Amino acid sequence: YLSKDRQETLVKVCDEICEYIETTVSKDGRINKNAITQVFNSTGDIADADVFATDSEGNIIICSCENEGKNESCIHLGVKIDKKHLGEWYNARQFKLDTLGLYDKPSYVTARPLVHNEEKYGTVFAVAPVLVVHKLLSAVTKIFLVSSIVPLVIMFIAIYIMTYRLTKPLK
């Protein structure tokens, strides 16, 4: 359930960003970079995901990293996404598990094409690490185990007391 919810969130993020870009692109194909950076940052923060856009060649042109363009710590800076990740795979399925050649561990990846006047000029990606879901599941499992141990201990104590009282006259 949690992974499906995470995947749906990533799909919504991509759809919202693509819709925003399509509605704000001017007639000459230009867009205000400050405004779009704010949208990427806020949607990335809300979804707890990396959100970035590439041009048609796979060069990352904008990302949701707060320090994008300010220093060298952004992992997206100057990276080119392989053409196989820019294909039409997202028409067949909404997400995939992949590293994109960018991340160390597999992550949930969702992508949507950027289209203007029926022409594809880029792709929006939303990426969330699988570990986040696993950490949450691990925490829930630990809570469940701890909360189930307490009633078991109380039950064993109660059974011991009851059997002791029942067997005391036999001694």
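Begin by selecting Asp 48, which in this predicted model is partly exposed, with a relative accessible area of 49%. Asp 48 sits in the loop between α2 and β1, and its backbone deserves a look, since phi is near 55 degrees, a positive value in a residue other than glycine.

Step back along the chain from Asp 48 to the helix that precedes it, α2. Helix α2 covers residues 33-47, and its 15 residues, at 1.5 Å a residue, should span 21 Å; with the end C-alpha atoms 21 Å apart, the model agrees with that expectation. To see which part of the helix is covered, colour the buried residues of α2, namely Ile 36, Thr 37, Val 39, Phe 40, Asn 41, Thr 43, Gly 44 and Ala 47.

From that set, keep Val 39 selected, a residue of helix α2 that is buried at a relative accessible area of 17%. If residues up to four places away in sequence are set aside, Val 39 touches Ile 17 and Tyr 20. A distance drawn from Val 39 to Val 51, C-alpha to C-alpha, comes to 9.9 Å, for two residues that are 12 apart in sequence.

Val 51 also appears at the next stop, Ser 64, where it is one of the contacts. Ser 64 is placed in the loop between β2 (60-63) and α3 (89-92), and it is buried, with a relative accessible area of 7%. Leaving aside neighbours within four places in sequence, Ser 64 is in contact with Phe 40, Asn 41 and Gly 44, as well as with Ala 49, Asp 50 and Val 51. Of these partners, Phe 40, Asn 41 and Gly 44 are among the buried residues of α2 already coloured.

Move next to Ile 60, in strand β2, which is buried as well, with a relative accessible area of 13%. Show its surroundings without the residues up to four places away in sequence, and Ile 60 is seen to touch Phe 52, Ala 53, Thr 54, His 76, Val 79, Ile 81 and Leu 102. For a longer step along the chain, select Thr 123 too: Ile 60 and Thr 123 are 63 residues apart in sequence, yet their C-alpha atoms are 9.3 Å apart in space.

Phe 52, one of the residues that Ile 60 touches, leads on to the aromatic rings. How many aromatic pairs does the count come to? The count comes to two. In one of them, the rings of Phe 52 and Phe 125 have their centres 5.2 Å apart and their planes at 20 degrees, so this pair is stacked. Phe 52 belongs to strand β1 (residues 50-55) and Phe 125 to strand β5 (residues 119-129), so the pair ties together parts that are 73 residues apart in sequence. Both members, Phe 52 and Phe 125, are buried.

The other stop of this kind is Tyr 160 with Tyr 164, whose ring centres are 6.3 Å apart and whose planes lie at 20 degrees, so that pair is stacked too. Here the two residues are four apart in helix α4, and are thus separated by about one helical turn. Are these tyrosines buried or exposed? Tyr 160 is exposed, with a relative accessible area of 57%, whereas Tyr 164, at 39%, counts as partly exposed.

Keep both tyrosines selected and turn to the surface of helix α4 (residues 130-167), the helix in which Tyr 164 lies. Adding Ile 149, Val 153, Ile 157 and Ile 161 to Tyr 160 and Tyr 164 completes a nonpolar patch on the surface, which together has about 600 Å² of accessible area.

Finally, clear the selection and view the whole chain. The protein chain has four helices and five strands, and its elements run α-α-β-β-α-β-β-β-α from the N terminus on. Of its 171 residues, 34% are buried. Among contacts between residues at least 6 apart in sequence, 50% join residues at least 24 apart. With a surface representation switched on, the chain exposes about 11,300 Å², of which carbon and sulfur atoms supply 59%.

Conventions
Residues are numbered from 1 along each chain as its sequence is written. This is a predicted model: local features need pLDDT of at least 70, side-chain atom pairs count only at pLDDT 80 or more; totals for chains, interfaces and linings use all residues. Side-chain values use heavy atoms; hydrogens and water are left out. Patches are made of residues with over 30% relative accessible area and no salt bridge: like charges are joined within 9 Å, nonpolar side chains (Val, Leu, Ile, Met, Phe, Trp, Tyr) within 5 Å. Accessible areas come from the Shrake-Rupley method with a 1.4 Å probe; for residues, only the protein chains shown count as cover. A salt bridge is a side-chain nitrogen of Lys or Arg within 4 Å of a carboxyl oxygen of Asp or Glu. The expected span of a helix is 1.5 Å times one less than its number of residues. Buried means under 20% relative accessible area, exposed over 50%, partly exposed in between (1.4 Å probe, protein chains only). Rings of Phe, Tyr and Trp (its six-membered ring) pair if their centres lie within 6.5 Å; planes under 30 degrees apart count as stacked, over 60 as edge-to-face and the rest as tilted. Contact means heavy atoms within 4.5 Å.
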